[in-house]
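Visitor: Hello! I am new to protein structures and would love a tour. Could you show me the one we are looking at today?

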Amino acid sequence: MQVLGKPMRTIRPLTDEGAVEIIDQTALPHAFRLLRLSSLDDALRAIVDMQVRGAPLIGVTAAYGLAMALAERADDAHLDAAHAALAATRPTAVNLHWALRRVYQRVHGLAPAARAAAAWREAAAIAEEDVEQCRRIGEHGLRLLRACCPPARRWRLMTHCNAGWLATVDHGTALAPIYAAFAEGIEVHVWVSETRPRNQGLLTAWELGQQGIAHTLIADNAAGLLLARGEVDAVIVGADRIAANGDVANKIGTYLKALAAAAAQVPFYVAAPRSTIDFSCPDGAAIPLEERSGDELRWLHGRTGADAVGCLRQIDASVPVANPAFDVTPAACVSTLISERGCCPATRAGLLTLYPEEAHV
Ligand code: MRU
């Protein structure tokens, strides 16, 4: 994708340095800042502090983090400790565990001296696969959107959170079909919900703006009205974990949009790569949902002056706050799942038509 007119990925290996460069997403949309990660601690901090975020990108960063840990020390004890520390950073996005397992299984049987290089190659392969998978999600999703959006006027789409290229290595998941449509010259407008309290919608507005795609930021609570008024042709979101029965964990607020879309008879699509599907998880009730600090509601972040970015207290620290970061949309509310292999109903049978090799799980 483009930033200030230049092609860019969210994470890129720095040649021969055993380090990667990331976009610091905590600085966006106010500043565009690149950061170098060169150690296990750097990778842990980047994921915990949400300098990188979004399910696929968390997985890729963790994979590189494990490779960096092995460059520090490659014995079994350190491999296990680094794996455990990275796995504990964020609970909901299963891509994290999927990517760590891949790197772990790749290096575990190797002599310690060979581990760091092998882990690095595996992390790079995961990153490249993510790019290709998201590109294909764009193609499959575009076919689906053509079927539900009118050919004669602009497409009016709605998304939630940020499931764009910032949440992946490139292209995005939910936004990939939108980018594919735009690339074909189709006129598109995107309703972007703010996504309180972390405001990932501001990242979506920023990246759509960088590509020149028309969009409008809305408060989360405005989505139901727009859907009920018939101002949306389709809702498309990403996912942090899809259970084997098609239930979808995604950013808090996704469920409310799915309910409103169902009531308005607007299609509700979920786009995600294989690494987001957890065939070992029977249903949404078994998905661990991250509970985050109440300070994310107590404080607002933003620009306080021409050059200053700062915080504003909304409410006293003594006020009790609950801050669940994800919710589960029941499979029955999902019109279609979109993955790199195609589209399917949000059911176990539907998922197995795309991934028949998982039938044994
Ligand atoms: O807490 P975040 O910002 O990491 O959550 C991200 C989301 O919920 C995205 O919608 C999800 O990861 C899909 S991204 C391709």
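**Around the ligand**

Visitor: How many residues surround the ligand?
Guide: Welcome! Keep in mind that this is a predicted model. A residue joins the shell if one of its heavy atoms lies within 4 Å of the ligand. The closest are Arg 53, Arg 90, Gln 200, Asp 240 and Lys 251, and the residues surrounding the ligand number 19.

Visitor: How far from an oxygen atom of the ligand does a polar side-chain atom of Arg 53 lie?
Guide: Let us look at three side chains in turn. Arg 90 has a polar side-chain atom 2.7 Å from an oxygen atom of the ligand, and Lys 251 has one 2.7 Å from a ligand oxygen as well. For Arg 53, the distance from a polar side-chain atom to an oxygen atom of the ligand is 2.5 Å.

Visitor: What percentage of the ligand's accessible area does the protein cover?
Guide: Start with the place: the ligand sits in the largest cavity. On its own, the ligand has 410 Å² of accessible area, and the protein covers 100%.

Visitor: Which element supplies the largest share of the shell around the ligand?
Guide: Two elements, α2 (55-72) and β11 (248-251), each give at least two residues to the shell. The largest share is three residues, and these come from α2.

Visitor: How do the residues of the shell divide by type?
Guide: Here we sort the shell residues into nonpolar, polar and charged. The count is nine nonpolar, six polar and four charged.

Visitor: Where does the ligand lie with respect to domain 1 and domain 2?
Guide: Domain 1 spans 2-130 and domain 2 spans 134-358. Because both of them give residues to the shell, the ligand lies between domain 1 and domain 2.

**Backbone surprises**

Visitor: Which residue does a cis peptide bond join to Leu 28?
Guide: Most peptide bonds are trans. Here, though, omega is about 0°. The partner is in the loop between β4 (19-23) and β5 (34-37), and the residue joined to Leu 28 is Pro 29.

Visitor: What is omega for the peptide bond from Arg 196 to Pro 197?
Guide: Pro 197 is placed in the loop between β7 (188-193) and α7 (200-211). The bond from Arg 196 to Pro 197 is cis, and its omega is near 5°.

Visitor: What is the phi of His 171?
Guide: Most residues other than glycine have a negative phi. His 171, in the loop between β6 (155-159) and α6 (176-183), is not a glycine, yet its phi is positive, at about 75°.

Key
Residues are numbered from 1 along each chain as its sequence is written. This is a predicted model: local features need pLDDT of at least 70, side-chain atom pairs count only at pLDDT 80 or more; totals for chains, interfaces and linings use all residues. Side-chain values use heavy atoms; hydrogens and water are left out. A polar contact is a pair of N or O atoms within 3.5 Å; within protein, one must be able to donate a hydrogen and the other to accept it, and residues adjacent in sequence count only if both atoms are side-chain atoms. Accessible areas come from the Shrake-Rupley method with a 1.4 Å probe; for residues, only the protein chains shown count as cover. On a 1 Å grid over the protein atoms alone, a cavity is a set of points where a 1.4 Å probe fits but cannot get out, and a pocket is an open set with protein on both sides within 12 Å along at least five of seven lines; lining residues have an atom within 4 Å of a point. A molecule sits in a cavity or pocket if more than half of its atoms lie within 2 Å of its grid points. Helices (H or I, at least four residues) and strands (E, at least two) are DSSP runs, numbered from the N terminus. Ala, Val, Leu, Ile, Met, Phe, Trp, Tyr, Cys and Pro count as nonpolar, Asp, Glu, Lys and Arg as charged, and the others, Gly among them, as polar. Domain bounds come from an automatic or database domain assignment.
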